[in-house]
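These questions ask how certain labels are earned. Each answer sets a value against its cut-off.

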Amino acid sequence: MIRRLIAFVLLAWLGGFVWFAGVLPQPDSAARGDAVVVPTGSGGRIARGLELLRAGTVDQMLVTGVDAAVKEKEFEAEYGVDHALMECCITLGYIAVDTRGNALETADWVAAHDQDSLVLVTADWHMRRAALELAAQLPSGIVIARDAVRSEASLWTFFLEYNKFLVAFVVAPFR
């Protein structure tokens with residue numbers, strides 16, 4: 001009986017992993033919202049967020065989890081951001097150090113800016129957990145559109161992220 005239970009749990013875990021790694025969230029060219037939220041991390045995220053902002057798809061942008069050493073002028077230079085756009089529409093969040101911290105920092109920012117809808121831009125392998133953590137921290141009624149940035153993550157990245165996602169999924173109802 002115990003062997004069957006262990007086998008069932010392992011097969012369920014393996015099936016979930018195959019789904020997690022094989023069916024990745026996709027980019028959403030129709031994503032719209034009051035603001036775009038971009039957790040720092042793998043390449044392409046900030047560029048995609050800026051693309052949405054410049055296209056007028058969103059009015060504001062929060063980059064969450066920015067290293068304390070990064071200054072606004074450096075961000076402007078790195079991403080070719082006009083100073084006026086930086087001043088009016090982009091917030092660099094320096095508090096978060098992990099995905100849950102990104103969600104907490106975003107929730108505080110959303111409350112301060114009275115946003116009703118967000119576009120979450122993050123890597124395809126990170127999207128499920130980032131959206132789960134964000135939804136757990138935001139008040140109900142805030143719409144979260146998911147716009148995944150394609151990546152070429154390693155099997156190890158998928159393995160780690162899948163297990164982090166499972167933990168976040170189990171813990172989320174208790175927060």
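Q: What makes the contact between Arg48 and Asp147 a salt bridge?
A: In this predicted model, the side chains of Arg48 and Asp147 meet at 2.6 Å, N to O. A salt bridge needs a side-chain nitrogen of Lys or Arg within 4 Å of a carboxyl oxygen of Asp or Glu, so the pair qualifies.

Q: Which parts of the chain does the pair Arg48 and Asp147 tie together?
A: Arg48 lies in helix H2 and Asp147 in strand E5, so the salt bridge joins parts that are 99 residues apart in sequence.

Q: Why is Arg48 called buried or exposed?
A: Its relative accessibility is 15%. Buried means under 20%, so Arg48 counts as buried.

Q: Why is Glu51 not given the label buried?
A: Glu51 has a relative accessible area of 47%. The label buried needs a value under 20% and exposed needs one over 50%, so Glu51 is partly exposed.

Q: How do you know that Arg48, Glu51 and Asp147 are linked in a network?
A: Arg48 meets Asp147 in one salt bridge, and Glu51 meets Arg48 in another, at 2.7 Å, N to O. Arg48 takes part in both, and the three residues are linked in a network of salt bridges.

Q: What makes Glu161 and Arg129 a salt bridge, and where do they lie?
A: Their side chains meet at 2.7 Å, N to O, and the limit is 4 Å. Glu161 is in helix H7 and Arg129 in helix H6, 32 residues apart. Glu161, at 2%, is buried, and Arg129, at 11%, also counts as buried.

Methods: Residues are numbered from 1 along each chain as its sequence is written. This is a predicted model: local features need pLDDT of at least 70, side-chain atom pairs count only at pLDDT 80 or more; totals for chains, interfaces and linings use all residues. Side-chain values use heavy atoms; hydrogens and water are left out. Buried means under 20% relative accessible area, exposed over 50%, partly exposed in between (1.4 Å probe, protein chains only). Helices (H or I, at least four residues) and strands (E, at least two) are DSSP runs, numbered from the N terminus.
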